[in-house]
Amino acid sequence: MATTVRRDVLTLPAAELGPENPLPPLRPLDEAHRLDDRDIRGLPRDMARQLGYEPLRSVLPARLRDGYGRARTPTAFETIVIENERLRVTVLPGLGGRIHSLFHKPTDRELLYRNPVFQPADFALNGAWYSGGIEWNIGATGHTALSCAPLHAARVTAPDGGEMVRLWEWERLRDTPFQVDLWLPEDSDFLHVGVRVRNPHEKPVPVYWWSNIAVPEERRVLVPADEAWHFGYARTLRKVPVPEYEGADRSYPLQGEFPADYFYDLPDGARRWIAAVDADGHGLVQTSTAPLRGRKLFLWGSGTGGRRWQEWLTEPGTGGYAEIQAGLARTQLEHVRLDAEAEFAWLESYGPLAAAPDVVHGDWAAARAEAEVRLAEALPAAAVDAAYEAWRACADTEPGEVLAVGSGWGALEVVRAQYKLPGTPFAESTLGPEQEPWLELLHSGAVPEPRRVGPPGPTLVAPHWRDMLETAPARPLAEYHLGVAQWHAGDLAQAVRSWERGLELSPSRWPLLRCLAVADHESGHIERAADRYAEAFDDLCAERRDDGVVWRGVTAALGREAVGVLLAAGRCAVARAVWDRVHPRTRASGRFRLIEAQLLLAEGEVAAARGVLEAGVEVADLREGDEVLGELWAVVGGGVPLPGRYDFRMRP
């Protein structure tokens, strides 16, 4: 059977993703995977340098995805299926290009953890993320902002003359185009994945990449290392032995109690690989060319919090998962410098591993050696290097039939700078309504004022766009966008001045008032922030035209922020007035039921606040590492232990 590429449809019980949050994300990035500066001292010099290199502080120009819920209905997802006699690969181009399934036909085995549902949760840099499969994480520490976004996809001629699938997009957090080529040679047990990240700019950029592979957690994870860097949600990084650590064999994901990362310290010159095998010695192995240096295990552990997260991300009773990963650096806390007009490229290979079960579940050194021998038999290192060289000769091949369409942001950058990016065309036909104002700024030097009242569109914040905004006519919308770009650049005082100038003339005041309220809150002026949030919400309620998706969404987003700051300022009555004007459907959501409990507590109604939690609250966008439910229960629970449904604790 020659390798085939076809479109198909996958139907899953799925929560609706919902619209993007229309408010620009001005607050510092809420990312659980970070270290304090004092903890960096004493680490290897190259690691310490990369830990401190350009950490992401904001997800601008991306927007937050927090409009999803937890009600699931059967939903059809477009897929791309790549298949030969040995493997069947199912790809979700509309959800970050994730590989949903890697099915080995001769053994009738699914090699990945395949999530039986689509359930977004707040794990990505910009919110919505889902578990399972193989995801491509680019941008900065954390799950990519493209987790639930469409990528461009097309057929391309493979190195062996057959067909392969190219995925590509413009990663906006770092302004770097990238491509992922999925090549399944005829009669091969291994899927080859060629990855290229390019820097088209005249200055270096920080790059982050981790390929994240979900596998069933009832596995042993094997890797050629005797030490690892352990990172837990107490945000400490320390060297530990592998596999035995604190009396438990951590190569078995269920041996740990709390969620944790193990970044393996692979010796220089060692072959790059990681595997996860079941009790029978069967499983998945991933290997790569040398540039993909890092290997990692993430485990949820056996504790109550980790088990609750497993249920939250999938269906109870369907089995848990762990993640084995491969990245450009030793840890996910680092970013790697990519020089001007340069690129990173490597090849990964994914396929089945079959080893002697008594050996791979025995002594660590023998288990590793057994896995490495079986890998060498199935796919020698020389074959991976040869596949890389063959793929590199095809990396610039122009795509053929379009299989899926991503965003228009890459096309906008190509129009602006006339970049030449062979192999990854960003066609002008992909430009859409979100890009139109920026095209006009590019061509006319002015930001067009909106024809109708509504939330402002997305703001571009890269230096070249900020420079154009600086010289654009000082109209209200231009001042709004300029302030957002200045805020992102760290020029906070100028941002405030821009927003204040815009406020003087703007017919729509609430977007600017909200930005100024955030600035007040971040600078410690809580009373002034509360005043501005109250005024912004009043103005929004006077301006909104209907109870449709757009206005309901922006009312929910602004109302949520306003109530939080008003309660922090002790303005319970004003917070209650905001709550009362939020749409009833929004107030019934889990996030706003939690806000209701917090509001009742602030009003002194402890029993009523407890009653809200006892009735059951599902906060769909509960953030990874967020302990708000446990903290609230500790106050209103009357000494009763935290109910299991609210136990999302990820640390001791």
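Two strands pair if DSSP finds at least two bridges between them. Keep that in mind for the close-ups below, which all come from a predicted model.

**Figure 1. Strands β9 and β10 make a hairpin.** With six bridges between them, β9 and β10 pair in the antiparallel sense. One spot to find is T157, which stands opposite E163 in β10. Five residues sit between the two strands of this hairpin, and G161 takes a positive phi near 90°. Strand β9 covers residues 152-157, and five of its six residues are buried. On β9 you can also look for A154, whose bridge partner in β27 is V402. That pairing, of β9 with β27 (residues 402-404), is antiparallel too and has two bridges.

**Figure 2. A look around L167.** This leucine lies in strand β10, which spans residues 163-171. Is L167 buried or exposed? Its relative accessible area is 0%, so L167 counts as buried, given that buried means under 20%. Which residues does L167 touch, leaving out those up to four places away in sequence? The list is V91, G97, W136, L151, H152, A153, F178, Q179, V180 and L182. For a sense of scale, try finding A128 as well: L167 and A128 are 39 residues apart in sequence and 20 Å apart in space, going from C-alpha to C-alpha.

**Figure 3. The nine-stranded open sheet.** Now zoom out a bit and follow the strands in order: β15-β21-β22-β26-β12-β11-β10-β9-β27, with antiparallel pairing. Why do β15 (220-222) and β27 count as the edges? Each has a single partner strand, so one side of each is left without a neighbour in the sheet. From one strand to the next, the twist averages 20°. Within the sheet, β12 (residues 191-198) and β26 (residues 343-354) pair in the antiparallel sense over eight bridges. Here R198 stands opposite E343 in β26. As you trace any of these strands, a rule of thumb helps: in a regular strand the side chains alternate between the two faces of the sheet.

**Figure 4. Helices α5 and α6 meet the sheet.** Helix α5 (residues 364-378) packs on the sheet and touches β15, β21 (272-277), β22 (282-288) and β26. The direction of α5 makes about 70° with that of β15. Helix α6 (residues 381-392) lies across β10, β11 (176-183), β12, β22 and β26. Compared with β26, α6 runs at about 135°.

**Figure 5. Helices α15 and α17 side by side.** The axes of α15 (residues 572-581) and α17 (residues 590-602) come within 10 Å and cross at roughly 155°. That angle makes α15 roughly antiparallel to α17, because angles over 145 degrees count that way. The crossing is left-handed. From α15, the residues C572, A575, R576 and W579 meet F592, I595, E596, L599, L600 and A602 of α17. Sort the residues of this contact and you get eight nonpolar, no polar and two charged.

**Figure 6. Helices α9 and α10 cross at an oblique angle.** Here α9 (residues 463-471) and α10 (residues 476-488) pack at an angle of about 140°, with their axes 9 Å apart. That makes α9 oblique to α10. The crossing of this pair is left-handed. On the α9 side, R466, L469 and E470 make the contact, and on the α10 side A478, H481, L482, A485 and Q486 do. The residues of this contact divide into four nonpolar, two polar and two charged.

**Figure 7. Some unusual backbone spots.** Most residues other than glycine have a negative phi, and most peptide bonds are trans. Which peptide bond is cis with omega near 10°? It is the bond from L60 to P61, and P61 is found in the loop between α2 (45-51) and β2 (72-83). The bond from V242 to P243 is also cis, with omega near 5°, and P243 sits in the loop between β17 (237-241) and β18 (244-245). Next come two positive phi values: D175 has phi near 60°, and Q418 has phi near 55°. D175 is in the loop between β10 and β11, where it is buried, with a relative accessible area of 14%. Q418 is in the loop between α7 (409-417) and α8 (436-444), and Q418 is exposed, at 53% relative accessible area.

How values were computed:
Residues numbered from 1 in each chain as written. Predicted model: local features only at pLDDT ≥ 70, side-chain atom pairs only at ≥ 80, totals over all residues. Heavy atoms only, no water. Helix = DSSP H or I, 4+ residues; strand = E, 2+ residues; numbered from the N terminus. Buried < 20%, exposed > 50% of the residue type's maximum accessible area, 1.4 Å probe, protein only. Contact = heavy atoms within 4.5 Å. Axes fitted to C-alpha atoms, helices over the stretch in contact; angles between N-to-C directions. Parallel < 35°, antiparallel > 145°, perpendicular 65-115°, else oblique. Left-handed = near helix turned anticlockwise from the far one by under 90°. Nonpolar A, V, L, I, M, F, W, Y, C, P; charged D, E, K, R; others polar.
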